[in-house]
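Have the sequence and the 3D view ready, and let's take a walk through this one together.

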Amino acid sequence: MGTPANDIDRLVKREYKEGFVTDIDSETLPPGLDESVVRFISEKKSEPEFMLEWRLKAYRHWLTLTEPQWAHVHYEPIDYQAISYFSAPKDKDGLNSLDEVDPKLLETYEKLGIPLEEQKVLAGVAVDAVFDSVSVKTTFREKLAEVGVIFCSISDALHEYPDLVKRYLGSVVPAGDNFYAALNSAVFSDGSFVYIPKDVRCPMELSTYFRINAMNTGQFERTLIVADEGSYVSYLEGCTAPMRDENQLHAAVVELIAMEGAQIKYSTVQNWYPGDEHGRGGIYNFVTKRGACRGRNSKISWTQVETGSAITWKYPSVLLEGDDSVGEFYSVALTNNWQQADTGTKMVHIGRNTTSTIISKGISAGHGQNAYRGLVKVLNKADKARNYSQCDSLLLGDRCGAHTFPYMEVKNPTAQVEHEATTSKISDDQLFYCRQRGLSEEDAVSMIVNGFCKEVFKELPMEFAVEAQKLLEISLEGAVG
Amino acid sequence: MFEAAQQAYVNTYKGIAPDLPGGSVPWVRRVRDSGLSRFREIGFPTPGDEDWKYTNVRPIAKQSFAPALNGHNGIDFTQIEILKDNRLGSCRCVFVNGHFAPRLSNLDQLPRGVAVMSLSDALNHRADELENELGRCVPNKLHGFAALNTAFLADGAYIRVGPDCDLECPIELVYVSTGDGDQPQVSYPRNLAILDSGSRAVIMERYLSLGQGRYLTNAVTEIVARTSAQVDYYKLQEESTDAFHVGGLFVNQHRDSTVTTNNIAIGGAIARTDLHVTLNDVGARSNLNGLYIGMGRQHIDNHTQVDHRAASCTSSEFYKGVLSGRSRAVFHGRVVVHQDAQKTDAQQQNNNLLLSRDAEIDTKPQLEIYADDVKCSHGATIGQLDPNSIFYLQSRGIDETTARGLLTYAFANDVINRFAIESIRNELEHHLTRTLLHGKHVEAQA
């Protein structure tokens, strides 16, 4: 029988297993940010002229913005001049197959449990791996190309499909949308680009793995997914970083566009380094994610499992522009030790008969602070809009916090908007029931927590669901007493 | 923003402060000065303030309001229906434009151990008794309106219910504003109620207008409920739709006390109420009931905050809103469970009925929880009348307009049904019948 004291000991000793550093030759810009850095990045990637203009415009706008202060998180101010805005493994040019990739890099990905080689065969998952700032290799590109699906790094897309990128980049999250999005627009170095043509059901799950390796770098990646009429795509995203005492900034932007009848399913398992048990180090995950349901009957579904990062600040949103469009948000956010999360969603109902569902599960342990912040907005013309939100919080320990800040703005008398939130701890009755069935306390808690998150996990693709469940178990290990 | 208007208040203060009641008492002057300096520091709230995101006070801030004078000659008080007979059988304090009107008041039936008087009298004659009480419940960092009220506090009611006194008759505070005069006026009602241990009382505040003129009521009420005290508090705000009302109600609760606040907002062009309840000691219980009905171009904003600072306290909040025309309502309900406030039970519910195309509701329930052994939940809904229910009534031969009226009435009446005092319930039911069942509300929807 595990006593609470033992459990906590074990928790303290648990290591972030993705916390290794890869010793790899990389080309890193000295810290600092000015126009020349923006120009350098653009030039380095030999981008078309319009991109440089776009970046510079974003940079100039960023200078006029101030960091948002409204989130329920606390941290030392970030010195944006102390961050390096570009870091890339050397010798990347001219890769034709995985064999040519630096073996150390491949090793890294293997340690992370994403064997690019193996996955090719077994899982049939196409992976775009982003290491520090640049995309390392996109697997399965050819196979996808057969059905017309474009899946490549955004730098490649800028060369090969500049018109597509130009048309959609920034159309959902404008370059000046918010402080972090503007910064990202100015200095983003890579990311993924996906285009699914009309009436194509993407034959496999697409996935990106993000990795921050170098010290004092920020990672600013940009993902753009366009699903043309009647198409379907499921996209997965995973993230890890080495253990360091400094905080590192990750400010990504993800844009999704769903045309008439199209469906995008976007799943994230975020496991950036959360800092140690004293709250030292860890990633600041300040991310802007937004999707637009442009056409009738389109659907965008966000699923996220957030277990990492020292601070998470992220609100995957859906603009429901097309009539009958559907937005979904399923989230599990866990904060342990000194982690802080302020996460949630925005559902903006613009078209008629639009529907949105929000299921958010927050788990707080240790000194973790977990906030749900969400907006449901029904505009005047959005007749018969329907929203259902449910936000549940589970508290494990008496020094953590769980907060709920839903905003509901309704301007249409035919709208139905419902919000429900509960906060509680695992009840002694539940524990007792499991214990008397012979489960250890740890297993019992794990089982109850899993049950608590089930609604969200069932939305994840199979392999991810298993991973998420394991991740939760590890992250929570011993947090119970 | 609004520098000129703010400066005008500062200038007025310099002019009249020495002549306000208790102006010779050092601590009273200190309290007022601190209110003014706080106001100078923060000014009027702007939409940039998270707590004022949905309520723009520009119409109030840009206008210069003169302090309402103590003169109510030439007013025919028979016009005021509520003053004609006393259906509640209450002890009554009437205030005209914020000033105590002894001739209209009735304080004869007070039992021993209970003091009800105007705040100006209390400041002039019983200042010592108030020194450690006045202003204690108002949070320091609150908005500029509360600071202004503190700066200009002069009159209102001082209620003291002694230990173990069970006050049978309700205490009724009636604030009548005439809305006349050459310049729009502002009044600063300030009430302080202290309920000593084991005492019990019913307190009702009413705010109403005589005319249609524009004016501002900036009110603050403080309630202290000591050990095991029980308070049933009602606020009925039915000022004219040209008037502005900014009110604050601040409740401090001690061990095993029970305070039920019932807050009805029907009037005002812009009506904002801040309700803060602090549960300071174990076993305290707070019920917060509220009803807001917006019509025309009204803007009604209710901000509530419940602070669970001690273990084993209970709070239960139930607010409903009915909106038609181009009205807009804001509900912000915040529940904070502080560290070590274990065994907290906090429930909150906000339901809204949106009846017209141009009405708007912005609701923001919030839970902030720093203890683990708690049961907290909140729910919010925004919707309209159930078509099946309307059809059901129609199939029974009731025309659609009446059916809608009935259902709207039933929706709102849920709140009134929670009121403990029958006479108050009856009066409000009449009120609802007039406004929701037979009133403009129904016509506007049909």
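What follows goes from one chain, to where two chains meet, to a pair of helices, and ends with two odd residues.

This is a predicted model, where local features need pLDDT of at least 70, side-chain atom pairs count only at pLDDT 80 or more, and totals for chains, interfaces and linings use all residues. Residues are numbered from 1 along each chain as its sequence is written, while chains are lettered from A and ligands numbered from 1 in the order in which they are written.

**Chain A.** Count along chain A and you get 12 helices and 24 strands. Here helices (H or I, at least four residues) and strands (E, at least two) are DSSP runs, numbered from the N terminus. Of its 481 residues, 55% count as buried. Buried means 20 or more other C-beta atoms within 10 Å of a residue's own, exposed means 12 or fewer, and partly exposed is in between, with C-beta atoms placed from the backbone.

**Where A and B meet.** Chain B puts 31 residues into the contact and chain A puts in 30; two residues are in contact if their C-beta atoms, placed from the backbone, lie within 7 Å. On the chain B side, β20 (360-369) and β21 (374-383) each supply at least two residues. Strand β24 (residues 416-425) of chain A runs antiparallel to β21(B), and 7 bridges join them. (Strands pair if DSSP finds at least two bridges between them.) One spot to look for: A:Thr423 has B:Cys376 as its bridge partner.

**Two helices in chain B.** Helix α9 (residues 400-416) and helix α10 (residues 422-437) of chain B pack at an angle of about 150 degrees, with axes 10 Å apart. The axes are lines fitted to C-alpha atoms, for helices over the stretch in contact, and angles run from 0 to 180 degrees between N-to-C directions. So α9(B) and α10(B) are roughly antiparallel, a label for angles over 145 degrees. Residues making this contact include B:Leu406 and B:Tyr409 of α9(B), and B:Leu428 and B:Leu432 of α10(B).

**Two odd residues.** Which residues have a positive phi without being glycine? Here are two of them.

| Residue | Phi | Loop | C-beta neighbours within 10 Å |
|---|---|---|---|
| A:Ser309 | about 70 degrees | between β14 (299-306) and β15 (311-314) of chain A | 31, buried |
| B:Asp340 | near 70 degrees | between β18 (328-337) and β19 (344-354) of chain B | 13, partly exposed |

Key. Parallel < 35°, antiparallel > 145°, perpendicular 65-115°, else oblique.
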